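Student: I am new to this structure and would like to be guided slowly through one part of it. Could you begin with the whole and then stay with that part for a while?

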Amino acid sequence: MNMSDRIWKALLKTWGAVFSIVSLAASVFVYFVAPDTDTIKMNIFFVVIFLFFGIIIILLRALHDANTDAKVNLPKIRKVLDPPRSYDKASALLLVDSSNLLAHDSSVTLFMLEDDYEQLIGIGIVINIQDDKKVQVALFKNNESEQLINQLKENKKHDLERLILKPSVPRSFLEGDL
């Protein structure tokens, strides 16, 4: 999204539009109420101040929106289930929140956070994006994580909160080194 689109969206958002309308109304009001002087006309001075105030508010809103959009939010895992029969080599099926980072048939990596260390659990493939936008991921384990995956299928809140799904796969898996 380019900057002019961001500014336009900020103008249309609730408080950006309200401040713009208030600034414009105050400017018009002050233009007709403030007395004329010989040095600087107060009515023009206040019009410029209110217009700058409105522009600054709109730009601050656009900056806030750009900052919010720049954050990468990894999808949250809702459930760990037994895999469907059609994916007999899979060890689990992950039900994941909607995410723009995940596309059908894309590869993902599952980690579990343990004492500030992300332990690799396995590699997965997005097998379905449901009508409600939740994503189904078939997880293929490495041999070390079979017991952990069985534990995850109990869907304990503490375990699910420690799971991290990343929309990438380590190069070593792609090249078959591991």
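About how much area does the protein expose, and what share of that area do carbon and sulfur atoms supply? After that, please take a close look at helix α3, residues 42–70, and at what lies around it in the chain.

Tutor: Please keep in mind from the start that this is a predicted model, and that what follows is a reading of that model. The protein exposes about 12,000 Å², and carbon and sulfur atoms supply 58% of this area. Of its 178 residues, 33% count as buried. The chain forms six helices and six strands, and, read along the sequence, these follow one another in the pattern α-α-α-β-β-β-β-β-α-α-β-α. Among the contacts with a separation of 6 or more, 57% join residues that are 24 or more positions apart, and some of the pairs described below are examples of positions well separated in sequence.

Now to helix α3 itself, which covers residues 42–70. Its length can be checked with a short piece of reasoning: the expected span is 1.5 Å times one less than the number of residues, so the 29 residues of α3 should span 42 Å, and this agrees with its end C-alpha atoms, which are 42 Å apart.

The next thing to ask is which residues of this helix are hidden. Those that are buried in α3 are Asn43, Val47, Gly54, Ile57, Ile58, Arg61, Ala62 and Asp65. As you look at that list, it helps to remember that an α-helix has 3.6 residues a turn, so residues three or four places apart point the same way. You can follow this idea along the listed positions, for instance from Gly54 to Ile58 and on to Ala62.

Two residues of the helix deserve a slower look. Aspartate 65, in helix α3, has a relative accessible area of 11%, and because buried means under 20%, it counts as buried. Once its neighbours within four places in sequence are left aside, aspartate 65 is in contact with Arg6 and Lys13. Leucine 59, also in α3, has a relative accessible area of 39% and is therefore partly exposed. The C-alpha atom of leucine 59 is 7.5 Å from that of alanine 10, although 49 residues separate the two in sequence.

From α3 you can also look back to helix α2, which runs over residues 14–33 and contains alanine 26. Alanine 26 is buried, at a relative accessible area of 18%, and its C-alpha atom is 6.9 Å from that of phenylalanine 50, with their places 24 residues apart in sequence. Going forward instead, the loop between α3 and β1 holds valine 72, which is exposed, with a relative accessible area of 62%. Valine 72 and leucine 101 are 29 residues apart in sequence, and their C-alpha atoms are 9.1 Å apart in space.

To place this part in its wider setting, consider the charged side chains, since a search of the whole structure finds eight salt bridges. In one of them, aspartate 82 pairs with lysine 153, with the closest N and O atoms 3.1 Å apart. Aspartate 82 sits in the loop between β1 and β2, and lysine 153 in the loop between α4 and α5, so this pair ties together parts that are 71 residues apart in sequence. Aspartate 82 counts as exposed at 56% relative accessibility, whereas lysine 153 is partly exposed at 23%.

Another salt bridge joins aspartate 132 to lysine 134, with the closest N and O atoms 3.6 Å apart; aspartate 132 is partly exposed at 45%, and lysine 134 is partly exposed at 28%. Arginine 162 and aspartate 159 also meet in a salt bridge, at 3.8 Å from N to O, and Glu114, Asp159 and Arg162 are linked in a network of salt bridges. Within that network, aspartate 159 is buried at 4% relative accessibility, while arginine 162 is partly exposed at 22%.

Finally, the rings: the structure holds zero aromatic pairs, but lysine 166 lies over the face of phenylalanine 111, at 5.1 Å from the ring centre.

How values were computed:
Residues numbered from 1 in each chain as written. Predicted model: local features only at pLDDT ≥ 70, side-chain atom pairs only at ≥ 80, totals over all residues. Heavy atoms only, no water. Helix = DSSP H or I, 4+ residues; strand = E, 2+ residues; numbered from the N terminus. Buried < 20%, exposed > 50% of the residue type's maximum accessible area, 1.4 Å probe, protein only. Contact = heavy atoms within 4.5 Å. Areas by Shrake-Rupley, 256 points an atom, 1.4 Å probe, with all protein chains shown as cover. Phe/Tyr/Trp six-rings, centres within 6.5 Å; stacked < 30°, edge-to-face > 60°. Lys NZ or Arg CZ within 6 Å of the ring centre and 35° of its normal. Salt bridge = Lys/Arg side-chain N within 4 Å of Asp/Glu carboxyl O.
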